Amino acid sequence: MDAFQDHYPDAVAHCFGCGRLNAHGHQIKTVWNGDETVTRFTPEPYHTAIPGFVYGGLVASLIDCHSTATAAAAMYRQDGRGLDTLPPFRFVTGSLHVDYLKPTPIDGALEIRGRAVEIKGRKVVVETELRAGGVVTARGTVVAVQMPADFGAAPPAPHR
Ligand SMILES: CCCCCCCCCCCCCCCC(=O)SCCNC(=O)CCNC(=O)[C@H](O)C(C)(C)COP(=O)(O)OP(=O)(O)OC[C@H]1O[C@@H](n2cnc3c(N)ncnc32)[C@H](O)[C@@H]1OP(=O)(O)O
């Protein structure tokens, strides 16, 4: 199944967390699972905070991009539109809140699951959990807001 991020227009496909055109980024892939969205990501040894555990910034980044993708997909689903239909719903993060409940072990796949809990105007609130080995280690809330027309007008910087 195609991931949401496979449908991002090229102009918004350079994000470090989720852009398929960013060779240095995480390139997360998110899909629907019923009313929830799911991303699976396996951290690398260099994503270490304290040896054996995942760096919190990576956890925040996964929750952030999983949630903005969820926001876009939820808006398309609410409007009964396909992900490739125009004009695209393009979201940025207005607010990212993360609670780190337990240390996240680095040796294995992480599962990130989210749900849009509010859609109002240009805003979508998404609640997301990150699990390691089936245990919830972090929980996040993201307020995603549709990009104003003048955001992202500049061409992307070349990746080196
Ligand atoms: C699936 C198919 C794909 C197709 C295509 C998809 C593309 C999907 C692209 C994803 C692409 C990468 C995702 C990168 C994730 C980042 O890392 S983005 C980079 C980090 N974020 C930024 O740089 C954003 C910087 N901030 C801004 O540009 C502006 O502050 C914002 C966020 C656009 C909001 O400004 P604004 O448009 O003037 O917002 P405004 O009209 O005042 O508020 C709208 C609503 O949002 C709320 N809001 C605004 N800011 C906040 C805040 N900070 N806290 C709480 N609520 C807020 C307001 O309260 C308001 O809610 P209501 O009052 O209506 O209930």
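These are my notebook entries on a predicted model.

**Entry 1: the sheet**

I began with the strands. I found 6 of them in an open sheet, and the pairing is antiparallel. I wrote down the order as β1-β2-β4-β5-β6-β3. Strands of a sheet pair through backbone hydrogen bonds. Which strands sit at the edges? They are β1, residues 30–33, and β3, and each pairs on one side only. I also looked up the angle between neighbouring strands of this sheet. They are turned by 25 degrees against each other on average, with direction ignored.

**Entry 2: the partners of β6**

Next I followed β6, which covers residues 135–146. How many bridges link β5 and β6? I noted 10 bridges, in the antiparallel sense. β5 and β6 also form a hairpin, with 2 residues between them. Gly-133 lies in the turn and has a positive phi of about 60 degrees. I picked out two pairs here. Ala-132 has Val-135 in β6 as its bridge partner. Val-126 stands opposite Val-142 in β6.

Then I checked β3 against β6. I found 9 bridges joining them, and the two strands run antiparallel. Ser-95 stands opposite Val-143 in β6.

**Entry 3: the helix and the core**

I turned to α1, residues 56–78. Which strands does α1 lie across? I listed β1, β2, β3, β4, β5 and β6. The helix α1 runs at about 45 degrees to β4.

I then looked up the largest nonpolar core, which has 31 residues. Val-59, Leu-62, Ile-63, Ala-71, Ala-72 and Leu-130 touch the most other members. The elements giving two or more residues to this core are α1, β3, β4, β5 and β6. α1 gives the most, with 10 residues. I followed up one of the core residues, Ala-72. Ala-72 touches Phe-4, Phe-89 and Phe-91, leaving out residues up to four places away in sequence.

**Entry 4: around the ligand**

I counted 29 residues around the ligand. Which come nearest? They are Phe-4, Val-92, Gly-94, Ser-95 and Lys-123. I sorted the shell by class: 18 residues are nonpolar, 6 are polar and 5 are charged. α1, β3 and β6 each supply at least two residues of this shell. α1 gives the most to the shell, with 6 residues. So two of my entries meet in this helix, because α1 also gives the most to the largest nonpolar core.

**Entry 5: two residues of β4**

I finished with two places in β4, residues 110–120. I took Val-117 in this strand. Is Val-117 buried or exposed? Val-117 counts as exposed, because I find 11 C-beta neighbours inside 10 Å, and the cut-off for exposed is 12 or fewer. Leaving aside neighbours within four places in sequence, Val-117 is in contact with Val-125, Val-126 and Glu-127. I also checked Val-117 against Ser-95. They are 22 residues apart in sequence and 15 Å apart in space, C-alpha to C-alpha.

Glu-111 is found in β4 too. I find 16 other C-beta atoms within 10 Å, so Glu-111 is partly exposed. Not counting residues up to four places away in sequence, Glu-111 touches Val-38, Arg-40 and Arg-131. From Glu-111 to Ile-50 I noted 61 residues in sequence and 20 Å in space, C-alpha to C-alpha.

Terms used: Residues numbered from 1 in each chain as written. Predicted model: local features only at pLDDT ≥ 70, side-chain atom pairs only at ≥ 80, totals over all residues. Core = buried A, V, L, I, M, F, W, Y, C linked by C-beta atoms within 7 Å. Buried ≥ 20, exposed ≤ 12 C-beta atoms within 10 Å, placed from the backbone. Helix = DSSP H or I, 4+ residues; strand = E, 2+ residues; numbered from the N terminus. Contact = placed C-beta atoms within 7 Å. Near = placed C-beta within 6 Å. Nonpolar A, V, L, I, M, F, W, Y, C, P; charged D, E, K, R; others polar. Pairing = 2+ DSSP bridges. Axes fitted to C-alpha atoms, helices over the stretch in contact; angles between N-to-C directions.
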